[in-house]
Amino acid sequence: MSVGQTVVRQAVDGSRALKRRWRSAALAAGWAFADDWSLAEVDDVCEVVLGSDDPSRALAGLGAARAESGAGLAETLLDLAALHAVLVTPGVEVGAPRADVDAVPAKLLRATALGWAEVVLDRSASTEAEDPLTGLATAAYLRTRLREVYAATPADYALLFVSLDLEGATGWSRVVAMTLLADALRGVFDAGESVASVGPSVAAVLLRRDADVEDRLAHLAAKAEARLAVDPHVRPTGPARLVLRPLPDTYEEVSALLAAPPRTG
């Protein structure tokens, strides 16, 4: 192996080690779902912070990606704090250092927050009711439908949450997996149900509670499995995980449920 190849290998190994420690610290700090943490922008940040370049642009990209995936600003900055904690305590492999947002340099906080805010502002300026990648309704649209339901007969409805394990998927494989799942959802729930994307790896269906619900769930599980099986890159993201919940008593409670959707596995 040449000197150049050795340097590249050391850089890759260092980036992987940093990513592993960062993920552990983020989960220990309270990152909600391990499946959603890893993004291509995480790898970009790891590469930059191990070098001598200014990380501001990479952190802005990470902030934007977190916003696109549905993470809130508080969660995004806590993730940044986990990275900072790992960087200031190098070489410690046992246990996760404590993430403290107040300890993060203002320049890094600002870059990450601005990246996040730019995406949120763009979304606010758009009134699109459909996710452009999956074709599913947006979470905002689903909340509007839920307001209508709560003004009438919420006891007649339930929410089905359907999720995939995207931990091992990267880049476009994540998008392809959710697009295939969306296709399966539309194929099963085609009688006026509201089917929406509520997270980077979770969809939700607002449906009536009737006698054929269990049959439709079984049909969805089989259809999703068949869709995912066509692509070897996304097959490991299945099987789809299904959780059926009756609507909570109040709209405020269902809003909280959408903000932290249940998963299995």
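**Group meeting: strands, a helix and two cores**

Okay, let's start with strand β3: 6 of its 7 residues are buried, so the rest of the structure largely encloses this strand. Before I go on, remember that this is a predicted model.

So who are the strand partners of β3? On one side of the story there's β1, which pairs with β3 in the antiparallel sense over 7 bridges. If you want to find that pairing on screen, S163 has V202 in β3 as its bridge partner, and A158 stands opposite L207 of β3. Then there's β2, also antiparallel to β3, this time over 5 bridges. Here, look for S194, whose bridge partner in β3 is L206. β2 and β3 make a hairpin, with 2 residues between them.

Now over to β1. How many of its residues are buried? 7 of the 7, so β1 too is largely enclosed by the rest of the structure. As a reminder, side chains in a regular strand alternate between the two faces of the sheet. In β1, Y157, L159, F161 and S163 point one way, A158, L160 and V162 point the other way, and all of them are buried. β1 has a further antiparallel neighbour, strand β4 (residues 241-246), joined to it by 6 bridges. V162 is a good place to see this, with L242 as its bridge partner in β4.

Next, helix α7, residues 172-188. With 17 residues, α7 reaches 25 Å from its first C-alpha to its last, close to the 24 Å expected at 1.5 Å a residue. Its buried residues are S173, R174, A177, M178, L180, L181, A182, A184, L185 and V188. And what covers them? The cover includes strands we've just been through, β1, β2 and β3, along with helix α8 (213-228).

Let's move to the cores. The largest nonpolar core has 26 residues, and the members touching the most other members are W22, V42, V45, L59, L80 and L83. The elements giving two or more residues to this core are α1 (3-29), α2 (40-49), α3 (56-68), α4 (73-88) and α5 (106-125). α4 gives the most, with 6 residues. Apart from that core lies another one, of 25 residues, and among them are V162, L166, L185 and L220. You've met two of those names already: V162 in β1 and L185 among the buried residues of α7.

Back to W22 for a second. Leaving aside neighbours within four places in sequence, W22 is in contact with W37, V42, V45, C46, L62, D79, A82, L83 and V86. Three of those names, V42, V45 and C46, are the buried residues of α2. Looking down the axis of α2, these buried residues fall within an arc of 100 degrees, so they line one face of the helix.

Last stop: R66, which sits in helix α3. Is R66 buried or exposed? Its relative accessible area is 0%, and buried means under 20%, so R66 counts as buried. What does its side chain have for polar company? A polar atom of the R66 side chain lies 2.7 Å from the backbone oxygen of W37. Not counting residues up to four places away in sequence, R66 touches W31, D36, W37, L39, V42, A71, T76, D79 and W116. W37, V42 and D79 are also on the contact list of W22, so have both residues on screen when you look at this part.

That's my tour; over to you.

Notes
Residues are numbered from 1 along each chain as its sequence is written. This is a predicted model: local features need pLDDT of at least 70, side-chain atom pairs count only at pLDDT 80 or more; totals for chains, interfaces and linings use all residues. Side-chain values use heavy atoms; hydrogens and water are left out. Helices (H or I, at least four residues) and strands (E, at least two) are DSSP runs, numbered from the N terminus. The expected span of a helix is 1.5 Å times one less than its number of residues. Buried means under 20% relative accessible area, exposed over 50%, partly exposed in between (1.4 Å probe, protein chains only). Contact means heavy atoms within 4.5 Å. A nonpolar core is a set of buried Ala, Val, Leu, Ile, Met, Phe, Trp, Tyr and Cys residues joined through side-chain atoms within 4.5 Å. Two strands pair if DSSP finds at least two bridges between them. A polar contact is a pair of N or O atoms within 3.5 Å; within protein, one must be able to donate a hydrogen and the other to accept it, and residues adjacent in sequence count only if both atoms are side-chain atoms. The arc is that of the directions from the helix axis to the C-beta atoms.
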